[in-house]
Amino acid sequence: MSCGGGLLLRAARAGSRRALGALSQRRLAAGGLRRLLRTGPRCSSYAKDLFLGKLQKKQVFPYPEVTLDELNDMKQFVVPVEKFFNEEVDSQKIDQDGVIPQETLDKLKQLGLFGMMIPEEYGGLGLSHIMYARLGEICSQDGAIAVTLAAHQAIGLKGILLAGTEEQKAKYLPKLATGEYIAAFCLTESMSGSDAASIQTRATLSEDKKYYILNGSKIWITNGSLASIFTVFAKTEIIDSDGLKKDKITAFIVERSFGGITNGKPENKLGIRGSDTCEVHFENTKVPVENVIGEVGGGFKIAMNVLNSGRFSMGSLVAGMIKKLIAMTAEYACTRKQFNRPLSEFGLIEEKFTLLAKKTYVMESMAYLTAGMMDSPGFPDCSVEAAMVKVFSSEAAWVCVNEALQIVGGLGYMKDHPYERYLRDSRILLIFEGTNEILRMYIAMTGLQHAGQILTKKIRDMKKGNLNVVMELLSTKFQDSMMKKADFGLTGRNGIVHPSMEESARRLEENVYFFGRTVEMLLKRFGKTIVEEQLTMKRMADILINLYAMTAVLSRSSRSVRVGLRNHDHEVLLTNIFCTEAYFQNLYNMSQLEKWFSCQRYQNA
């Protein structure tokens, strides 16, 4: 988990090519080896296997760590960024004016923040996902800046990183890394939101087959009027294997200099008002055929991969925002007196701070666990984990900001204080990068598809007389009949969860085991038609989010106790509180799934 951005930045400012080269080699060699030694080989998605009632410990234990060298590198980069946001960013003015000042954008470029995830070979900082998440905590102090940076690199240029050719990367990434070019992601249209496949923007191949002629409009495009480079998704005509003409989505790199590109006026938004959001129109824009990203007709998959890969950072971004909010709110609660007592001494206020601390700890744990998994060798599929981080943290943000405003009372409602701005800024989190409703359907459908494939194969093997499969089925039925407790090795003499959280670990194991049995029951009875039952799908997604969150806090707090981190006892307390709540929520949701199953079976009898 290479995190040497600070040293890299200093070397770049000094203009020392030798220092840059030496640092790159050290980071690539030492960082790559440390990742391999620390994490080891990983198998399939941890989250998907939970649908099978399996808990793959090696994927999530131990909790991701950074070495002392990496930590020192991290500090050297974090300190100047933190100093800039604390001393030079005027968030109130950005919100009032509805624009980020040019001098602020220039300083962000100087700090290298437009190239955080771009590899060093293309002029970027080449940071790990963990380091990117850490910087997200700092950038979250201003929602507009955080969204501007995320739209540029988490989605705007991500298509080039994920699927671009070497020529495309060499041409565009260096200028995108410095911020000379700013990127935007153009997918949403007036009649196409969550249903991305229904876009109407079209790209037609020219007669000489050297260009695509692009026509259409995109709405709500972040960085729309700032961008020089657009990742645009448009319908193209292709001929399938049967010789039939079909419309398929293709992704393009579009330069503003190509011509025929205009943008509407800035949108007047509820929150993140300083970020640039507008419509972008393409009229007979000539895009060279070499600017197709990936394959012609393969754009939909690229769009989904881009969105899936960027969602994990919302957890650290929101955690940074809420930690700042806790500090401000705690200072107020300790100094504001009512009935001759500080607000902080009242039980109902203490309860609110407990809620803030608990949700922040959980979302932060989920975000960094996911980042660590994404940094591990082999590029594991973490799309479901990233979606769960986004759903949990965005909803937690809305609750936490509301509770913080409630603590400070009337003061929080006034424009002179940041609480009402945090409230407005945080509302968009439940909508963009996939609405939470759509993401819940994605989480459940992806897990059910994985479980369905495995179960179908098992049934097929059982019919063929595969003895191993038959014995596994009989063993499972025997355990269920004897009411034997699930045991995945989290507790006990060789357990990997600290004894202070033994009860929470057992509750996780029980939840995982019976969730797998519930999924199997529903799939055997309803098959593919289960995906039409959205309320049922929502319950399954909520269970899975809780299971992943329980895993994250148990892994993190066990590590904290093991290495003797300061205040690890508080982490244990927060973990046990959350796991208890999540356990009973899961029991309720599984009981409702069984109830629904019984009702459906009775009605169809």
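Here are some notes on this predicted model, point by point, covering a helix, a loop, charged pairs, cysteines and empty spaces.

1. Helix H14. A good place to start is H14, which runs over residues 383-408. Its 26 residues should span 38 Å at 1.5 Å a residue, and the end C-alpha atoms are indeed 38 Å apart, so the expected and modelled lengths agree. The helix is mostly covered, with 21 of its 26 residues buried. Just past its end, Gly409 takes a positive phi of about 65°.

2. The loop with Pro499. This proline sits in the loop between helix H17 (467-481) and helix H18 (502-526). Is Pro499 buried or exposed? Pro499 has a relative accessible area of 60%, and because anything over 50% counts as exposed, Pro499 is exposed. You may also like to look across to Ser558: the two residues are 59 apart in sequence, while their C-alpha atoms are 8.9 Å apart in space.

3. Salt bridges, and the pair Lys218 and Glu189. The count for the structure comes to 26 salt bridges. One of them joins Lys218 to Glu189, with the closest N and O atoms 2.8 Å apart. This pair links distant parts of the chain, since Lys218 belongs to strand E3 (residues 211-222) and Glu189 to the loop between strand E1 (183-186) and strand E2 (202-205), 29 residues apart. Both partners are covered: Lys218 is buried at 0% relative accessibility, and Glu189 is buried with a relative accessible area of 6%.

4. Lys358 and Glu581. Here the side chains meet in a salt bridge with an N to O distance of 2.6 Å. Lys358 is in helix H13 (residues 347-375) and Glu581 in helix H20 (residues 568-604), so the contact ties together parts that are 223 residues apart in sequence. How does burial divide between the two partners? Lys358 is buried, at 9% relative accessible area, whereas Glu581 is partly exposed, at 34%.

5. A pair inside one helix, and a network. Arg517 forms a salt bridge with Glu520, and the closest N and O atoms are 3.2 Å apart. Both residues lie in helix H18, three residues apart, which is about one turn of the helix. Glu520 counts as buried, with a relative accessibility of 16%. Elsewhere, salt bridges link Asp95, Lys415, Glu420 and Arg424 in a network.

6. Cysteines. How many disulfides does the structure hold? The number is zero. Cys278 is a useful example to check: the closest cysteine sulfur to its own is that of Cys186, 8.8 Å away, which is too far for a bond because the two sulfur atoms of a disulfide must be within 2.5 Å. Cys278 is buried as well, at 1% relative accessibility.

7. The second largest pocket. Its volume is about 1,100 Å³. The lining is made of 31 residues, and those nearest the centre are Glu137, Lys323, Glu364, Arg556 and Glu571. Two or more lining residues come from each of helix H4 (68-87), helix H7 (129-139), helix H12 (313-335), H13, helix H19 (534-563) and H20. Which element gives the largest share of this lining? That is H13, with seven residues. By class, the lining of the second largest pocket has 17 nonpolar, four polar and 10 charged residues. H13 and H20 are also the helices that carry Lys358 and Glu581 from point 4.

8. Enclosed cavities. Rolling a probe the size of a water molecule over the atoms shows where empty space is left. The structure holds three cavities of 30 Å³ or more, and the largest cavity has a volume of about 50 Å³. Among the residues lining the largest cavity are Ser91, Ile94, Asp95, Asp142, Arg273, Arg421 and Asp425. Helix H5 (91-97), helix H8 (143-156) and helix H15 (419-427) each supply at least two residues of this lining, and H5 gives the largest share, three residues. The lining of the largest cavity divides into three nonpolar, three polar and five charged residues. Asp95 appears here and also belongs to the network of salt bridges in point 5.

Methods: Residues numbered from 1 in each chain as written. Predicted model: local features only at pLDDT ≥ 70, side-chain atom pairs only at ≥ 80, totals over all residues. Heavy atoms only, no water. Helix = DSSP H or I, 4+ residues; strand = E, 2+ residues; numbered from the N terminus. Expected span 1.5 Å × (residues − 1). Buried < 20%, exposed > 50% of the residue type's maximum accessible area, 1.4 Å probe, protein only. Salt bridge = Lys/Arg side-chain N within 4 Å of Asp/Glu carboxyl O. 1 Å grid on protein atoms, 1.4 Å probe; cavity = no way out; pocket = protein on both sides within 12 Å on 5 of 7 lines; lining within 4 Å. Points joined across faces, edges and corners; volume = space filled by probe spheres on them. Nonpolar A, V, L, I, M, F, W, Y, C, P; charged D, E, K, R; others polar.
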